[in-house]
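Grab a pencil and work through a few exercises on the structure below. Each one sets a task and then walks through a solution.

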Amino acid sequence: MSEALQERTTQDAIPAKASKRYRWRGIAFIRRSLLILFVLGQTTVACYYLLWVLPYHGGTGVELGLLILFALLYSWIAVGFWTAMLGFVLRLFGGDRRSLMHRHSAEELDQTPLGKTAVIMPIYHEPVHRTLSGLKAVYQDIERAGQIENFEFYILSDSRDPNVWLEEQATWQRMAEELGAEGRMFYRRRTVNLNYKSGNVADYLRRWGRRSKYMVVLDADSLVSGQTLVRMVQLMEREPQCGILQTNPTLINGQSLFARMQQFANRVYSPLFATGLAAIQMGDAAFWGHNAILRVDAFMEHCGLRKLPGFGIFGGPILSHDFVEAAYMGRAGYEVWLEPELGESYEESPPTLSDELTRDERWSKGNIQHLWIMLFGRKLRFAHRMAFMNGIMAYCASPLWLAFLILTTVEAAQMALSPIDYFPEGHQGLFPLWPEWRPEWALGLALSTMALLFIPKFLAILDALIHRKSKFFGGFGRLFVSVLIEIVISVLLAPVRMLAHSRYVLGAFMNFSLSWAGQNRTEETTWRQAIVTQLPGLIVGASWSAFAWSLDPLFFLWSLPVAIPLVLAAPTCVYLSRVSIGERLHRRRLLLIPEEINPSPLLDDAEISREAEPEESPLTNFEEAVLRPRLNQMHQALAGRHRRRVRAEVLANLVQRCVREGPEGLTRSELSHLCRDQESLAALHHEAWRARPDSYWGSRIDKLAAGD
């Protein structure tokens with residue numbers, strides 16, 4: 001390690017041990033204690049009402065199970081409610097004065113020099129032009145901010161298909177030339193796809209981590225403005241005890257009805273929830289894996305991810321790495337902050353419900369895996385253990401809700417089909433236990449639960465009015481109507497998500513294998529797909545509702561809010577995926593977000609770059625890589641020597657087969673071997689240009705000449 005690096009590491013480590021890092025901990029303790037007090041107090045009162053609603057007042061095993069499940073679910077909802085309430089109050093008084101942004105004036109931050117920062121983008125089978133156009137816009141915005149000399153860019157590919165990563169390499173070279181970013185923008189593709197995204201980042205750090213002091217992680221759909229990136233680096237320079245600084249990304253670019261609804265909800269409700277969450281977590285916040293800045297030395301030293309030593313899902317590589325890395329950073333004495341006031345940080349929503357649920361299947365398995373770390377992780381801070389619990393409950397709440405509905409049905413069936421039991425299990429004494437029904441209390445309890453869910457949504461409208469932001473959502477009237485549309489859609493989606501998440505959680509505990517692929521960004525859901533995927537839910541919803549009718553008409557009415565969305569799930573999925581419906585609402589200025597009314601230069605640059613599609617070539621990316629001299633030389637430079645792993649005679653045979661039959665005669669694995677070997681690419685280029693006019697490559701040369 002160089003003397004300069006040792007000095008930098010020492011300077012970073014000393015403040016992390018200084019007493020000033022504890023100044024916020026007393027405030028955090030008070031806030032968290034008040035949250036726990038409010039949640040437990042409210043849940044206790046609600047459970048008391050439920051006891052009096054139940055016929056035997058918790059005197060049977062079924063009713064005791066209902067009480068326990070209700071307490072867990074109600075407290076989970078109450079945490080979200082009080083988090084939003086705290087966010088609303090703090091925003092009412094100008095934000096959280098204890099946050100990082102409020103510690104320093106704008107003048108102090110502007111005078112802070114920047115440390116060397118790497119902007120990294122791990123990608124895997126993403127739409128190449130669209131993805132790298134976003135990175136190009138980020139580069140241009142940092143240039144606009146006048147700080148490009150302090151940043152380097154790294155495209156880290158895990159793509160397996162040769163046609164995909166050859167396109168990535170060609171697009172990277174073209175973009176670097178257009179921007180004049182040679183020597184500042186780099187590309188690397190791993191030959192061994194190990195440990196998913198976290199393994200890709202680890203590979204980058206082993207090779208280039210010492211080149212920079214900070215690292216900004218972007219997803220394939222991420223956009224962060226130059227001013228925000230500069231401010232993040234300045235805050236890290238001013239707060240050497242901070243190991244990770246997380247922004248609160250805003251959803252953009254939604255076209256379908258589903259995506260527009262998601263980004264509207266994110267834009268309207270997120271300021272309250274994010275402000276409240278940041279105020280409760282303070283320096284013990286979570287890391288969401290992207291749109292964040294990390295202190296490289298601390299991350300490399302303390303955030304290495306070992307394989308879990310347990311069984312099944314709790315053994316092997318860690319799937320969802322971000323929360324674990326934040327916990328390890330906190331364990332090492334560094335702070336992790338969420339800063340909602342860092343604006344112009346963007347990502348995109350899945351375009352359809354099916355795509356969201358596919359993503360949730362991966363996330364649920366990773367979050368369930370955190371249970372092992374939460375219980376057995378050594379020396380983790382309590383707040384980070386609670387962050388693990390929060391992520392686990394995000395998916396386990398669904399099977400708990402499903403279990404609650406099942407026990408409710410069992411209770412109703414017992415009351416309707418069995419004679420009244422005056423001495424239920426657990427009841428002792430000479431006097432019978434008379435069952436009592438209080439439907440008005442049940443209605444009041446249901447309304448109070450709905451209030452916890454919906455009051456924050458209307459507080460968000462009030463927040464927009466107070467801060468004069470309603471005009472950016474189309475005005476107060478359209479904002480109010482948009483919130484109502486979002487509520488209706490959310491009610492329709494809740495039971496569908498419940499069934500899907502319940503299945504994912506069960507699959508996670510049974511350690512079902514998952515495929516990991518690039519995300520769909522544009523495709524709509526077909527009727528066939530929707531019917532096939534939602535048919536089980538339709539059967540469950542219709543059967544449950546019919547059974548409820550056979551028991552009691554009143555219970556049938558109580559079942560409808562869950563049964564109707566399940567029966568209508570297929571058309572709901574189809575119509576939510578429709579871009580035409582989303583565009584129609586946009587024309588009526590409904591479900592608007594501020595970025596659609598007043599876009600930033602960053603978003604304009606990204607849109608311009610994405611619309612400027614390169615001319616469509618008559619050749620595949622592999623054929624272009626073989627025939628075009630400059631591209632072939634570039635791919636050779638990136639390929640290196642693959643003959644250490646594959647015998648020379650095998651590669652020579654593949655070259656001859658490719659010359660005779662074209663790439664269609666080779667498997668994807670065989671094409672990969674050729675594209676990873678410098679000598680094979682050179683030989684292919686030489687032989688293809690010497691091919692007869694009536695051969696495969698001769699016809700491709702004719703197409704190339706016609707296209708040029």
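**Exercise 1. Find which residues Ser-225 touches, skipping residues up to four places away in sequence.**

Start with the contacts: Ser-225 touches Asp-141, Glu-344 and Leu-602. Keep in mind that this is a predicted model. Next, place the residue: Ser-225 sits in the loop between β5 and α8 (226-238). Now check its surface. The relative accessible area of Ser-225 is 1%, and buried means under 20%, so Ser-225 is buried. Last, try a long span: Ser-225 and Leu-453 are 228 residues apart along the chain, and their C-alpha atoms are separated by 33 Å.

**Exercise 2. Work out which strands stand at the edges of the open sheet with the order β5-β12-β7.**

First, read the order: this sheet has 3 strands, and its pairing is mixed. Then look at the ends. β5 (223-224) and β7 (250-252) each have a single partner strand, so one side of each is left without a neighbour in the sheet. Those two are the edge strands. Now zoom in on one pairing: β7 runs parallel to strand β12 (residues 345-348) over 3 bridges. To see it residue by residue, find Thr-250, which stands opposite Tyr-346 in β12.

**Exercise 3. Explain what the salt bridge between Arg-130 and Glu-348 ties together.**

Begin with the distance: the two side chains meet at 2.7 Å, N to O. Next, locate the partners. Arg-130 belongs to helix α5 (residues 128-144) and Glu-348 to strand β12, so the bridge ties together parts that are 218 residues apart in sequence. Then compare accessibility. Arg-130 is partly exposed at 28%, whereas Glu-348 is buried at 9%.

Try the same steps on Asp-158 and Arg-190, whose side chains also meet in a salt bridge at 2.7 Å, N to O. Asp-158 is in the loop between β2 and α6 (162-179) and Arg-190 in the loop between β3 (185-189) and α7, so this pair ties together parts 32 residues apart in sequence. Asp-158 is buried at 4%, and Arg-190 is buried at 5%. To finish, the full count is 32 salt bridges, and a network of them links Arg-25, Arg-32, Asp-284 and Arg-381.

**Exercise 4. Decide how the ring pair Tyr-154 and Trp-208 should be classed: stacked, edge-to-face or tilted.**

The structure holds 26 aromatic pairs; here's one of them. Its ring centres are 5.1 Å apart and its planes are at 35 degrees. Under 30 degrees would be stacked and over 60 edge-to-face, so the pair of Tyr-154 and Trp-208 is tilted. Tyr-154 is in strand β2 (residues 151-157) and Trp-208 in helix α7 (residues 196-208), so the pair ties together parts 54 residues apart in sequence. As for accessibility, Tyr-154 is buried at 1%, while Trp-208 is partly exposed at 22%.

Other rings have charged company: Arg-189 lies over the face of Trp-165, 3.9 Å from the ring centre, and the charged end of Arg-331 sits over the ring of Tyr-328 at 4.3 Å from its centre.

**Exercise 5. Name the residues that touch the most other members of the largest nonpolar core.**

That core has 76 residues, and the answer is Phe-151, Phe-153, Leu-245 and Phe-622. Take Phe-153 as a sample: beyond neighbours within four places in sequence, its contacts include Val-119, Leu-135, Ile-148 and Phe-186. Apart from this core lies another of 46 residues, including Phe-258 and Val-574.

How values were computed
Residues are numbered from 1 along each chain as its sequence is written. This is a predicted model: local features need pLDDT of at least 70, side-chain atom pairs count only at pLDDT 80 or more; totals for chains, interfaces and linings use all residues. Side-chain values use heavy atoms; hydrogens and water are left out. A nonpolar core is a set of buried Ala, Val, Leu, Ile, Met, Phe, Trp, Tyr and Cys residues joined through side-chain atoms within 4.5 Å. Buried means under 20% relative accessible area, exposed over 50%, partly exposed in between (1.4 Å probe, protein chains only). Contact means heavy atoms within 4.5 Å. Rings of Phe, Tyr and Trp (its six-membered ring) pair if their centres lie within 6.5 Å; planes under 30 degrees apart count as stacked, over 60 as edge-to-face and the rest as tilted. Helices (H or I, at least four residues) and strands (E, at least two) are DSSP runs, numbered from the N terminus. A charge sits over a ring if NZ of Lys or CZ of Arg is within 6 Å of the ring centre and within 35 degrees of the ring normal. Two strands pair if DSSP finds at least two bridges between them. A salt bridge is a side-chain nitrogen of Lys or Arg within 4 Å of a carboxyl oxygen of Asp or Glu.
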